[in-house]
Structure formats: structure tokens, C-alpha cells
Amino acid sequence: MIRAFVLFFIIVLVSLGFVWVANQPGSVTMVWLDHRIDMPVSRLIAGVAILSVGLAVVWRTFGAVRSVVARTGRARVERRRHRGYKALTRGFVAVAAGDVDEASKQAERADVLLADPPLTMLLSAQAAQLSGDQQAAQKYFVAMLDRPDTAFLGLRGLINQALRDHNRDEALMLARRAYRLRPKTPWLVAMLSELLSQTGLWAEAAAVLHAAARHRTLSDARQREAVALFGQSQRAQIEGRPGESLDLLRRAHKLSPDNVPIAAKLASVFAGQGKRRRARKILEAAWAQAPHPDLARAFATLSPGEEPLARLQRSAILVKLRPEHAETHIAVAEAALDAQLWGEARRHLRLVLLAPNPGRRVFRLMATLEEKESDDSPAARQWLAKAAETGPDPAWVCRRCAASVPDWQPLCPACDAFDELAWTSPARPILGSPASPGAPAVPFSPGHA
């Protein structure tokens, strides 16, 4: 309503203006190319107004035509882009389904329809990988390195190819380059630290993991850094730098005080230096958190040449720290057996036998007790038979290849996996035993991250 009133008001003003001009006397004379033109002022103004309106109509018509042409072009481009993305989607679905022909077909179609090299090159590379054409895939991945927005994707593809070909040096070089681009990518940090550890570059691996802990890239970065420092400590010990080795070991223990092997190793080093009080304090703190056979062995060897009875008396502290844990009673029972206190050993072993699955170690200790206490071979054989019938005791098992090893190490001896050994019941024979020739190496995959 307001707009109509405003328009009516403008028309009235224009009309009044034309009436006023028409009532005013005067004329205009123009001379052009020997022609003289005389006309009233009102006619000149009317002519100019008509010409202006005509030019405005022509300009608006031209703009409308141009807008229609532009919209038609944009619609055509949009339809082409829609078909391209549809082909791209179908191509990735075909890659996921393992359909080589369909993936290649859709990759070519997307490349024609889309002017988007990052996506089309990635699909083409994956289609080439799916068809087994590693050279073509590598060509696409290398081409992606020339563009800042696709360089990281290209590096990831080349890293996977290098790992598939067991080319660790090439994978490490590419991983370092990718790390410079995106240092906060979790799978990359995990893979780079593993490659560095496998190559023996423990200091660089620890630095990468330290940065990851600071930026909270990995939830277990501190634990992994402690393992890398442990590996660095081992290297320093082998190369004859005991002071540096001890310093690295102490840093590792400070980062991960609940790591049983690190605590046991640090206590053994202190015990070897005659610092038994410090060693005992470390072992007692670790035992209070998680009793473990490795800690029990380190505790038993704190004082070389110690009398068995004295060791049994010293092991009473373990009962005070964790009286409910089976490992506590097993450790005390072993000390009692060495001290030939058969009743004490039997008392602690019976407490463990009340558990649903005591384990082979307990049955074997019972067999040893029967044999030493009363020379009861039939009873000992019964316990040994039970040991043979039950499942294996917990051991250090690789989470990646499921190989079991007798002693914890930063790298799995079977597949070279970094920080993958966990204390659990094994599904395979212990590595190095006659029944286990060893497992094939398993390359790292970003999927583990």
C-alpha cells in the first residue's frame, strides 16, 4: 500500500512538472551540418525523456537476456558437476566393493566431468591399486605431490606402497615429509615413531612422541615415549654409556611408573650399583599398582647371595602391599620352597588354588612341593598332568601378530611392532620355543593408529 502511494505521488509530481514546463514561454535553436532546428523547450524536454526511457528499456532488455544466458550456463555447469560427483561417489563405492572395472570406468568419467584434480587423482590412484597396477597408482600419487592441497594425500599413498613393498627407508623418508606438513595427525605420529624405533633412531622417536604428548595427539603418547626412552637407554648401555643409559631409564620410569618391565629394569640397575634401598622402593611401588612375575624376579634378586630364609622374610612386604593378589602368594610360595618351609609354601599355594583357573605355574609348583617335601612322585605326576591339561599362563603377547615372547622388549621380535607387547594369555606358542619357529614380519598399517 505504501509503495503504491509513493508511486502515485511520483507520477503526480512528474505530471505537474510537465504542465509547468509546457506553460512556460521560450524556444531552443540548434544548428548542425548547415541545418537549423527551432523547437519549444517543452518539446525538447519531452524528447529527451522519451529517449531516456527508450534507452533504459533497451538496457534492461539486454541485461535480462544476459542474465538468462548466464543462468543457463551455470545450470549446465552444475548439471555437469553433479554428474561428476555422482561418478566420483560410484567410483569410491566400487573401490570399497573391490569392483575394478567399475572403479576404473567411474574414475575416467569423473576426470572428464570434474575440473577437480585432487578428488579424481585420488580415485584414479585407488582404482589403479585395486587393479594391481602399482606403477600407475604411484604416478597419480607423485602427481598429487605437486599441489599443496593434495600433497599429504599423495604422501600417504606413497607411504602405504613403501610399507607394502617392505621398503622401510623409503617409508621413513616419506613419513618425515608428511610429518612436516601435518605433525598433529594421530596415525602419522604413531607410524613415524614406529618406523624410527624400528630403524634404531630412538631419540628422534622419543622427540616425536614428546611433541605428540604436548599436543595431545595420541592418548598413550607418554607411555610410548617411555618405551622409546627405554630403547634409547638400551642402545646407550650397549655402546658403553652407562650414565646416559641410567638417566634415560629414570626418565622413562618417571613418564610411565606403571610400566612393569621399565620398573624392573631400573630396580635391577640400582641393585647392581649397590643402591638396594632405592631399588626396593621402586619395586614395592610397582607391586602395589600391579603385581607381576617380572617384578617378583627382580625383588628376589635384589641381594645376590642372600639366604633363602632372609629372602622369605623380606617377601612379607609383598603380602602387606597386595594380600589379595595371586602373584603375591606365588612369589612368597617360591621363596618358601627355596627356604624349604614346606608348610608355608603349601599355605600360599592353596590360597591360589581357590581361584577358578590357577594356571600351569601353580600346578608345577605344587608338583615340586610334593616331590621335595615327601618324595611323593604319584602326587607330583597328578599335578603335572593338571598343568598339561590347563591353558597356558599369561605371557608377553604381541597385539598385532599374536606371537608370544619370554621377555618384554620395545619391539616385537616376530613382527617388529613398536610397543605392542601386552601381558595376556597367549594363543600361540612362545616365540623361540621348539613349537614356534617365529612369525613372519607384519608391516605397519595406518589402520592400527
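This report describes a small sheet, several helices and the charged contacts of one structure. The model is predicted.

**The sheet**

Three strands make up an open sheet in the order 4-3-5, and their pairing is antiparallel. Strand 4 and strand 5 are the edge strands, since each of them pairs on one side only. Strand 3 (residues 395-398) and strand 5 (residues 421-424) are joined over four bridges in the antiparallel sense. Within this pairing, Trp396 has Trp423 of strand 5 as its bridge partner. Strand 3 also pairs with strand 4 (residues 404-405), again in the antiparallel sense, over two bridges. Here Val397 is matched with Ser404 of strand 4. Strand 3 and strand 4 form a hairpin with five residues between them. In the turn of this hairpin, Ala402 has a positive phi of about 70 degrees. In general, strands of a sheet pair through backbone hydrogen bonds, either parallel or antiparallel.

**Buried helical residues**

Helix 14 (residues 293-300) is largely enclosed by the rest of the structure, because six of its eight residues are buried. The buried residues are Pro293, Asp294, Leu295, Ala296, Ala298 and Phe299.

Helix 6 (residues 151-164) contains Phe152. With a relative accessible area of 12%, Phe152 falls under the 20% limit and is therefore buried. Phe152 and Ala178 are 26 residues apart in sequence, yet their C-alpha atoms are 6.1 Å apart in space.

**Salt bridges**

The whole structure holds 18 salt bridges. Three of them are listed below with the N to O distance between the side chains.

| Acidic residue | Basic residue | Distance, N to O |
|---|---|---|
| Asp220 | Arg224 | 3.1 Å |
| Glu306 | Arg314 | 2.7 Å |
| Glu373 | Arg346 | 2.5 Å |

The pair of Glu373 and Arg346 links distant parts of the chain. Glu373 belongs to helix 19 (residues 360-374) and Arg346 to helix 18 (residues 342-353), the two residues being 27 residues apart. Glu373 is partly exposed, at a relative accessible area of 35%, whereas Arg346 is buried at 14%.

The other two pairs can be described in terms of accessibility as well. Asp220 has 30% relative accessibility and so counts as partly exposed, while its partner Arg224 is buried at 10%. Glu306 is partly exposed at 25%, and Arg314 is buried with a relative accessible area of 10%.

Beyond these pairs, Glu194, Arg399, Arg400 and Glu420 are linked in a network of salt bridges.

**A positive surface patch**

Arg250, Lys275, Arg277, Arg278 and Lys281 form a positive patch on the surface. Helix 13 (residues 276-289) gives the most to this patch, with three residues. Arg250 is placed in helix 11 (residues 242-255). The relative accessibility of Arg250 is 42%, so this residue counts as partly exposed. A residue of a patch must have over 30% relative accessible area and no salt bridge, and the 42% of Arg250 therefore satisfies the accessibility condition.

Key. Residues numbered from 1 in each chain as written. Predicted model: local features only at pLDDT ≥ 70, side-chain atom pairs only at ≥ 80, totals over all residues. Heavy atoms only, no water. Patch = residues over 30% accessible without salt bridge, like charges linked within 9 Å, V, L, I, M, F, W, Y side chains within 5 Å. Areas by Shrake-Rupley, 256 points an atom, 1.4 Å probe, with all protein chains shown as cover. Salt bridge = Lys/Arg side-chain N within 4 Å of Asp/Glu carboxyl O. Lys, Arg positive; Asp, Glu negative; His and termini not counted. Charge placed at Lys NZ, Arg CZ, Asp CG, Glu CD. Buried < 20%, exposed > 50% of the residue type's maximum accessible area, 1.4 Å probe, protein only. Pairing = 2+ DSSP bridges.
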